[in-house]
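Take a look at the chain below. This report covers one strand residue, the aromatic contacts and one sheet with its helices.

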Amino acid sequence: MVATNNAAGGKDPWGGRVGGAGKREGMAGKTGPNDPGGLGPREKVRQLQRRLWAGAKRAPGRRFHALYDQIWRDDILREAWERVRRNRGAAGVDSQSIRDVEQSGVESFLEDLGDELRTGEYRPSLVRRRYVPKADGRKRPLGIPTVRDRVAQMAAKLVLEPVFEAGFLPVSYGFRPKRSATMALEVLRKLGAKGGHHVLDVDIRDYFGSIDHEKLLKLVARRVSDRRVLKLLRKWLEAGVMEEGTVSQTVAGTPQGGVISPLLSNIYLHVLDVLWTRHSAPLGTLVRYADDFVVMCRTTRDCERAEERIRTILGRLGLELHPDKTRRVELFDGKEGFDFLGCHLHKRLSGKLWEQKRQRLYFLQRWPSRRSMQRVRQRVKELTPRSRCHADIREVIADLNPVLRGWGNYFRTGNAARRFNQLDSYVWRRLRALRVGRKGRHLRPGETDRWTSEYFQNFGLHRLRGTVRYPERPFWQQETA
């Protein structure tokens, strides 16, 4: 069970103790310098975040008025740069890449950015728009700010996130410290085992392109009274977009790809979290990851009423449900399933309980969705083209392993054993085809027999089979343990 409020002595999302909120220090209340001596830059940033979080947690109605000066602090900008550098990413409209900044000098880059922020001369550049393919064949617009703007946005995120994180509710899991997609999926699994037979699978039509700027800034202003911060956010929201040399102005929405966008998205949909928790929680449990969310209900009627209530709340935000993608799903006895966060969730009969006790109990299981399988196969295919048949097999495997490990680590907490075996077989067939291509017409009869999966594993190939791990024991085993 997730606690809605941190108890005294518990940890905040940045590793501090909630009990420490009783000490009025720094940004949390005490006057005096905010730059503690004897600490490294990263620890100074974390200490500031802990103080902001503690102050916001103690006083839910407090509005913070002195945040802008924290954004251009040297340690904040340094930490922002490190995070942007680790995330890599493409260059913006100015064609300046991460490597270009490193070659020209990081210190001068951060010093210039800090001066612009401090003096109020900072102006964001246009956002470069590119498109990435979606699973349904359409394309999703992606906004790519310049490296300079990404660092500035990350610095603002480092300062603003603790203030809002203190008020976010447990129903939200996306892009938050110490919360994850696996946690959201586990909540659904447990609810499905205890009477959750109906799901409202929600899709918001063009969410990132429909966010109302004025409503968003009013929501931010509920906790931030610093006009310079609000002005800075408005600049990013209204920065123009360049697409194939054509510039267009943005009057609504936040660019997908902007560093600050996930936080702003959570602030906007926090209204949904609050209104649902206060007034509609008896209808079902809301589980939200950014703009992707579901409501798990016990009855058909509750699911129908949940859809009506969600539609009303989103309407107040200027949003609407996608009529073709929003649907009600009946999970009872494995009738239907749904996709969520890359997984397909479906109820399955427990064979073990049926064999041992003749009980027909269905439990919500999850495994990689069809789209997730297609995407990872496509990525494996891209890394193993026929043109690489003469490459060192160890180099090919070195390119494959990060993909397999990352994909496997995400899905291994579900019921993915069968899908893992399928992907292992697919990878083996691709690598064996490279060996066959290398031999060409010199391939001897029976020579392919030695190119088994173990053969490639001896070269270091990561194997998915046997890596499934469950976060917790099933609840019926916990009760009898």
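The notes below go from a single residue to rings, then to a sheet. The model is predicted.

**Around V127**

V127 belongs to strand β1, which spans residues 127–133. Is V127 buried or exposed? Its relative accessibility is 9%, so V127 counts as buried; the cut-off for that is under 20%. V127 touches several stretches that are remote in sequence. Discounting residues up to four places away, its contacts are V93, G143, I144, P145, A239, G240, V241, M242 and P255. Take I144, one of these contacts. V127 and I144 are separated by 17 residues in sequence, yet their C-alpha atoms lie 5.5 Å apart.

**Aromatic rings**

The structure holds 9 aromatic pairs. One of them joins Y122 and W236: the ring centres are 6.4 Å apart and the planes meet at 75°, so this pair is edge-to-face. Which parts of the chain does the pair link? Y122 sits in the loop between α5 (106–119) and β1, while W236 is in helix α10 (residues 227–237). The two are 114 residues apart, so the pair links distant parts of the chain. Y122 and W236 are both buried. Elsewhere, W407, Y410, F411 and F420 make up one aromatic cluster.

Arginines also sit over rings. Two cases are listed here, with the distance to the ring centre.

| Arginine | Ring | Distance to ring centre |
|---|---|---|
| R62 | F64 | 4.2 Å |
| R179 | Y173 | 4.4 Å |

R62 lies over the face of F64. In R179, the charged end is placed over the ring of Y173.

**The sheet and its helices**

What is the strand order of the open sheet of 4 strands? The order is β6-β7-β3-β8, and the pairing is antiparallel. At the edges are β6 (285–289) and β8 (327–330), each of which pairs on one side only. Neighbouring strands are turned against each other by 20° on average, with direction ignored.

β3 covers residues 198–202. β3 and β8 pair in the antiparallel sense over 4 bridges. Within β8, E330 stands opposite H198.

Two helices meet this sheet. Helix α11 (residues 261–280) packs on the sheet and touches β6 and β7. Its direction makes about 175° with that of β6. Helix α7 (residues 181–193) lies across β6 and β7 (292–297). Relative to β6, α7 runs at about 160°.

Terms used: Residues are numbered from 1 along each chain as its sequence is written. This is a predicted model: local features need pLDDT of at least 70, side-chain atom pairs count only at pLDDT 80 or more; totals for chains, interfaces and linings use all residues. Side-chain values use heavy atoms; hydrogens and water are left out. Buried means under 20% relative accessible area, exposed over 50%, partly exposed in between (1.4 Å probe, protein chains only). Contact means heavy atoms within 4.5 Å. Rings of Phe, Tyr and Trp (its six-membered ring) pair if their centres lie within 6.5 Å; planes under 30 degrees apart count as stacked, over 60 as edge-to-face and the rest as tilted. A charge sits over a ring if NZ of Lys or CZ of Arg is within 6 Å of the ring centre and within 35 degrees of the ring normal. Two strands pair if DSSP finds at least two bridges between them. Axes are lines fitted to C-alpha atoms, for helices over the stretch in contact, and angles run from 0 to 180 degrees between N-to-C directions.
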